[in-house]
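Reader: I am new to reading structures, and I would like to take one small part slowly rather than skim the whole. Could you choose a place on the surface, look at it closely with me, and then set it within the rest of the chain?

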Amino acid sequence: MVAALVLLVWLDGRRARGRRETVLGDSGGGRDLVDFAITLQGRVDDLHRAIDEIAAAIARVDRRMDATLARTAIVRYDAYETAGGRQSASVALLDANRSGVVLSAIQGRDYARVYVKELDQVKASIALSPEEQQAVERAMSR
């Protein structure tokens with residue numbers, strides 16, 4: 001009976017030693033779970049830093065994209081009853097913040113005039129004609 005008990009204690013000790021070596025490593029220089037966990041945590045930390053850098057880069061790109069030409073529209077019309085063919089036009093060129101310019105080319109029989117009006121968040125520095133307003137509204141609806 002004592003011999004069986006000693007055998008059980010000895011086997012349990014071997015199992016415990018095997019588990020300890022698995023967690024803490026053996027004296028042969030093998031990798032243990034603690035080293036693996038430390039390495040894994042370092043890699044996770046590196047991934048978090050990379051994700052933060054990517055998020056910052058995306059935010060910079062978003063800010064730059066908001067300032068690019070994003071909304072456009074053109075309205076063609078007859079500025080004068082005597083001139084046909086809808087040769088006059090107003091073009092709205094807006095960014096994502098709805099700021100930009102409205103260009104209008106008024107075509108007469110023997111002359112052409114070009115007007116440029118600035119918009120800051122859809123507020124014009126100079127009153128817009130109905131055709132220019134229509135071009136702005138079309139651009140904003142796209």
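Author: Helices here are DSSP runs of H or I with at least four residues, and they are numbered from the N terminus. With that in hand, we can turn to Leu33, which belongs to helix α2, the run that covers residues 33-66. Please keep in mind throughout that this is a predicted model. Leu33 has a relative accessible area of 46%, and because partly exposed covers the range between 20% and 50%, Leu33 counts as partly exposed. Patches are made of residues with over 30% relative accessible area and no salt bridge, and Leu33 is one of the residues in such a patch, a nonpolar one that also takes in Phe36, Leu40 and Val44. Together these four side chains' residues offer about 330 Å² of accessible area on the surface.

Now for the setting. The accessible surface of the chain comes to about 10,700 Å², and carbon and sulfur atoms hold 57% of that area, while buried residues make up 17% of the 142 residues. The chain has three helices and five strands, and read from the N terminus they follow the order α-α-β-β-β-β-β-α. Among contacts with a separation of 6 or more, 38% join residues that lie 24 or more positions apart.

As for confidence, the chain averages a pLDDT of 83, and 80% of the residues score at least 70. Among the elements, the lowest mean, 66, falls to helix α1 (residues 2-24), whereas the highest, 94, goes to strand β2 (residues 88-95).

Key:
Residues are numbered from 1 along each chain as its sequence is written. Side-chain values use heavy atoms; hydrogens and water are left out. Patches are made of residues with over 30% relative accessible area and no salt bridge: like charges are joined within 9 Å, nonpolar side chains (Val, Leu, Ile, Met, Phe, Trp, Tyr) within 5 Å. Accessible areas come from the Shrake-Rupley method with a 1.4 Å probe; for residues, only the protein chains shown count as cover. Helices (H or I, at least four residues) and strands (E, at least two) are DSSP runs, numbered from the N terminus. Buried means under 20% relative accessible area, exposed over 50%, partly exposed in between (1.4 Å probe, protein chains only). Contact means heavy atoms within 4.5 Å. pLDDT is the predictor's confidence in each residue, from 0 to 100.
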